[in-house]
Structure formats: C-alpha cells, structure tokens
Amino acid sequence: MVEQPLDPLAPAGYDLVLQQLVPGYASLARLAVALLAVGPLAGETGADVLVAGCGTGAELLEAVAQRPDWRLTAIDPSAAMLQVAQGRLRHAPAIEWRCSTAESLQESGRFAGALSVLVLQSLPDDGSKLAFLTALAQSLRPGGQLVLVDLMRSSLSGLGEQVERAWLGFQRASGLTATAEQLAPLTQALHPIGAARLTALVNAAGFSDPARIFQALDVEGFLLQRRR
Ligand SMILES: C[S@@+](CC[C@H](N)C(=O)[O-])C[C@H]1O[C@@H](n2cnc3c(N)ncnc32)[C@H](O)[C@@H]1O
C-alpha cells in the first residue's frame with residue numbers, strides 16, 4: 001500500500017500537525033476543560049458551555065469525556081472543520097452545532113462557561129479581537145468563566161533567539177515534516193498581542209483581568225471571568 005503524504009491543511013490531518021507544531025497542544029484541551037470544570041460551575045449539572053472556534057473538536061472530545069453532563073454548543077465558521085468534529089463526536093450526547101463566527105452568536109447570558117483555544121490569534125487587532133471577546137463576554141452569564149488559549153507576543157524578554165530555536169527544536173523532535181510553505185496557512189496571518197494589550201481588550205469586553213494558567217514558550221492560557 002502506498003502511504004499518502006499527510007496534508008497539514010486537510011482538517012483530518014490537522015490534529016497531528018498541531019501537536020507537532022504547537023508546544024503543549026496535546027494537553028491544552030484537557031487542561032482547559034479541567035480548569036473550567038472545577039470553577040463556579042463545578043457543582044452544576046447540565047451547565048451550558050460554549051466552545052468558540054471548535055475546529056476539529058479537540059475541546060469537545062475532552063468536555064464529553066470529563067463532563068458528559070454539560071450541554072455543549074460548538075461554533076466554527078469553517079464548514080470543513082465542523083464536519084470533521086461532527087464525525088469524531090458522532091457518538092457523543094447531543095451537541096448544538098453552529099457554522100458561524102462567535103461575533104454573530106447573538107446569545108445573551110446563556111452560557112455558564114466557555115472555551116476558546118487558538119482562535120483570537122487569527123483575528124487582527126483592528127476591532128476584530130474586541131468584537132470576538134465582547135461577543136464571548138455577552139454570551140456568558142455574569143461570573144461565567146472563559147478559558148482562552150492563544151499564541152502571544154513573547155513575554156520571555158531577553159530569550160528571543162533561544163525561544164525561537166526551541167520552537168524549531170520542538171517541532172523537529174516531534175517529527176514535523178511539512179514544509180514552511182505547506183504550513184503557511186497555519187503559521188502566517190497570525191496577530192499575537194502582548195499581555196498588557198490582552199488585559200486592555202478583555203477589560204473593555206467585560207471580563208476581569210486575565211489570570212495566566214498555562215505557558216509553553218509563547219503559547220499562553222488564561223482564565224477570565226465575566227464581570228458581575
Ligand atoms: C487554529 S484553529 C483551533 C481549533 C481548536 N480550538 C483547536 O484547538 O484545535 C482556529 C479555529 O478558529 C476558527 N475561527 C476563526 N475565526 C473565528 C471566529 N471569529 N469565531 C469562531 N471561530 C473562529 C477557525 O475556523 C478554526 O477552526
């Protein structure tokens with residue numbers, strides 16, 4: 001049998017490529033769900049939880065495994081990504097699927113918690129990031145929590161070159177074989193921001209200050225709470 005080369009851009013090959021590309025990716029969804037599950041909605045059965053930018057379903061698989069009682073709403077503007085996620089979660093309890101951006105959600109105070117992993121980074125800081133965060137804040141009830149994970153502008157000052165080389169070393173050791181050209185849609189057109197700018201944006205959107213709960217090189221995770 002001739003082995004087909006992995007297409008890093010095909011949603012089906014996406015998970016493996018992200019694990020090889022992004023340090024900590026294999027743990028991100030598990031950690032994000034574990035954190036949300038022990039927050040204010042820990043004792044609540046059947047809580048409404050939003051997964052914004054669900055991609056191929058990593059956070060959904062974890063949520064179903066850790067909290068099968070949650071009522072999940074999964075949104076993503078990419079029909080191709082949603083199709084892969086729906087296939088992987090075909091045996092899961094009912095999930096509400098929406099092919100849309102978070103900005104067009106139009107939900108007010110419905111969700112007890114939300115997850116957004118590696119989504120904000122793709123939006124430019126021209127009002128788009130603020131619109132995304134504002135929609136998430138408005139969709140949460142007061143006190144509701146969001147776990148946000150994103151590529152950040154490096155906070156490891158003075159270590160720039162070492163961090164850059166460590167990314168490459170991590171990717172090589174993980175067996176990443178895709179070329180820079182093949183990876184361009186995943187690695188280019190990203191708009192990382194620093195921690196101070198993130199704090200300003202999430203405050204303007206209606207969240208408390210972000211609390212950092214994860215960092216692997218420049219990939220950082222934060223816990224945010226909608227202000228009461
Ligand atoms: C890098 S992927 C991450 C997917 C998944 N969260 C994961 O960690 O595997 C980013 C996803 O965000 C989606 N996305 C981009 N802009 C979005 C928006 N404005 N609202 C919701 N999802 C968005 C993309 O279609 C893509 O599936």
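1. Val49 stands opposite Gly113, a residue of strand 4. This is a place to start reading the model, which is a predicted one. The pairing around it involves strand 1, residues 48-52, and strand 4. These two strands run in the parallel sense and are joined over 3 bridges.

2. Strand 4 also pairs with strand 5, which covers residues 140-151. Again the sense is parallel, and here there are 6 bridges. Gly113 can be used as a marker for this pairing too, as Gln145 in strand 5 stands opposite Gly113. To get from strand 4 to strand 5, the chain passes through helix 5, residues 128-139. This β-α-β crossover is right-handed.

3. How many residues of strand 4 are buried? The strand spans residues 111-117 and is mostly covered, with 7 of its 7 residues buried.

4. Next, the ligand. There are 17 residues around the ligand, and those that come nearest are Tyr25, Gly53, Glu59, Asp76 and Val117. Two distances to side chains can be checked by eye. A nitrogen atom of the ligand lies 2.8 Å from an N or O atom in the side chain of Glu59. For Tyr14, the distance from an N or O atom of the side chain to an oxygen atom of the ligand is 3.3 Å. With Val117 the partner is in the backbone: a polar backbone atom of Val117 is 2.9 Å from a nitrogen atom of the ligand. Taken alone, the ligand exposes 600 Å², and the protein buries 88% of that area.

5. Cys54 sits in the loop that links strand 1 to helix 3 (58-66). Is Cys54 buried or exposed? Its relative accessibility is 2%, so Cys54 counts as buried, the cut-off being under 20%. Leaving out residues up to four places away in sequence, Cys54 touches Glu59, Leu60, Ala74, Ile75, Asp76, Leu82 and Trp97. Asp76 is 22 residues from Cys54 along the chain, yet 5.8 Å separates their C-alpha atoms. Two of these neighbours, Glu59 and Asp76, also appear among the residues that come nearest to the ligand.

6. Asp15 belongs to helix 1, residues 11-21. Its relative accessibility is 13%, and therefore Asp15 counts as buried. Which side chains does the side chain of Asp15 meet in polar contacts? One is that of Thr56, at 2.8 Å. Another is that of Arg88, at 3.2 Å. Beyond four places in sequence, the residues touched by Asp15 are Tyr25, Thr56, Ala58 and Arg88. Of these, Tyr25 is listed with the residues that come nearest to the ligand.

7. Glu107 lies in the loop between strand 3 (95-98) and strand 4. With a relative accessible area of 18%, Glu107 is buried, because the cut-off for that word is under 20%. The side chains of Glu107 and Arg110 are joined by a polar contact of 3.1 Å. Setting aside residues up to four places away in sequence, Glu107 touches Arg98, Gln138 and Ser139. Gln138 and Ser139 fall within helix 5, residues 128-139, the helix through which the chain crosses from strand 4 to strand 5.

Note on methods
Residues numbered from 1 in each chain as written. Predicted model: local features only at pLDDT ≥ 70, side-chain atom pairs only at ≥ 80, totals over all residues. Heavy atoms only, no water. Buried < 20%, exposed > 50% of the residue type's maximum accessible area, 1.4 Å probe, protein only. Helix = DSSP H or I, 4+ residues; strand = E, 2+ residues; numbered from the N terminus. Pairing = 2+ DSSP bridges. Right-handed = clockwise from strand over helix to strand, strands pointing away. Near = heavy atom within 4 Å. Polar contact = N/O pair within 3.5 Å; in protein donor to acceptor, adjacent residues only side chain to side chain. Areas by Shrake-Rupley, 256 points an atom, 1.4 Å probe, with all protein chains shown as cover. Contact = heavy atoms within 4.5 Å.
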